[in-house]
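Hi everyone, thanks for making time. I'd like to walk you through a structure that's new to most of you, so have a look at it first.

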Amino acid sequence: MKRVAVLISGRGSNLANLIEAQDDSYKIILVISNVEGAGGLEKARVAGIATAVIPHPGKTREAFDAEVDAGLRAAGAELVVLAGFMRILSDGFVRGWEGKLINIHPSLLPAYKGTRVHERVIEAKEALSGASVHFVVPELDAGPVIAQASVPVHPSDTPQTLADRVLGVEHSLYPEALKLLATGKVRLANGLAVFN
Ligand code: GRF
């Protein structure tokens, strides 16, 4: 049973699904938000999970990351899951959690890294989009992919309708990918996601 910490900044719909999907492979022991009042904090509290708020304003990236790291270590976290966490993490933090830190991104990586994903997908008239769970490496949204799910893009889509459709597949994809990691079925080796 892996001890998992989840980092959030917002509503926490992925967090809610990760809580719901807990089984004997992982247990969420801590939720950290950099934003006070993030909706996900209440979802964690209702589920009886410890929460912490670590605000970032006025801190250097390294100082903020060191506080987060200390909180994770103190709680005995073994895996760290980013779920709508809207901060870029320093190289030092990422290296310290190498192979144990994952993120979900609302595109079919390596396409559409970064922000304004759905706007750009619609502008490019893509027929398909989706979501990707990946190991976090220092380069933004560039880590090896663990699992992906695709959705169609409709000509009538707005960024919001497409975001909603992608979010729907995120909710089942993220727990599945976390379970692969928690049970050792996937690991990061030599910069690749290796499946056993
Ligand atoms: C999701 O779309 C995720 O892909 C992105 O941020 C959003 C978080 O939503 N990284 P929620 O807070 O989990 O509802």
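How much space lies in the largest pocket? About 990 Å³. Keep in mind that this is a predicted model. And how do we find empty space at all? Rolling a probe the size of a water molecule over the atoms shows where it is left.

Okay, so what's around that pocket? Its lining counts 40 residues, and the ones nearest the centre are G84, F85, M86, I104 and P106. If you sort the lining by class, you get 18 nonpolar, 14 polar and 8 charged residues. Four elements supply at least two lining residues each: α1, β5, which runs 101-105, α5, at 117-123, and α6. Which of them gives the most? That's α6, with 5 residues.

Now, the ligand. Where does the ligand sit? In the largest pocket, the one we've just been looking at. Two elements give two or more residues to the shell around the ligand, namely α1 (13-20) and α6 (159-182). Going through the shell by name, we have R11, G12, S13, N14, G84, I104, P106, L167 and E170. By class, that shell is 3 nonpolar, 4 polar and 2 charged residues. You may recognise a few names here: G84, I104 and P106 surround the ligand, and they were also on the list of residues nearest the pocket centre.

Let's zoom in on the polar contacts. The side chain of R11 has an N or O atom 2.5 Å from an oxygen of the ligand. With N14 it's the backbone: a polar atom there is 2.8 Å from a ligand oxygen. I104 also uses its backbone, with an N or O atom 3.1 Å from a nitrogen of the ligand. As for how covered the ligand is, on its own it has 370 Å² of accessible area, and the protein covers 84% of that.

Last stop, the loop between β5 and α5. Some background first: most residues other than glycine have a negative phi, and most peptide bonds are trans. Now look at P110, which lies in this loop. The peptide bond joining L109 and P110 is cis, with omega at about 10°. R116 is found in the loop between β5 and α5 too. What's the phi of R116? It's positive, about 55°, even though R116 isn't a glycine.

That's my tour, thanks for listening!

Definitions and conventions. Residues numbered from 1 in each chain as written. Predicted model: local features only at pLDDT ≥ 70, side-chain atom pairs only at ≥ 80, totals over all residues. Heavy atoms only, no water. Near = heavy atom within 4 Å. Polar contact = N/O pair within 3.5 Å; in protein donor to acceptor, adjacent residues only side chain to side chain. Areas by Shrake-Rupley, 256 points an atom, 1.4 Å probe, with all protein chains shown as cover. 1 Å grid on protein atoms, 1.4 Å probe; cavity = no way out; pocket = protein on both sides within 12 Å on 5 of 7 lines; lining within 4 Å. Sits in = over half its atoms within 2 Å of the grid points. Nonpolar A, V, L, I, M, F, W, Y, C, P; charged D, E, K, R; others polar. Points joined across faces, edges and corners; volume = space filled by probe spheres on them.
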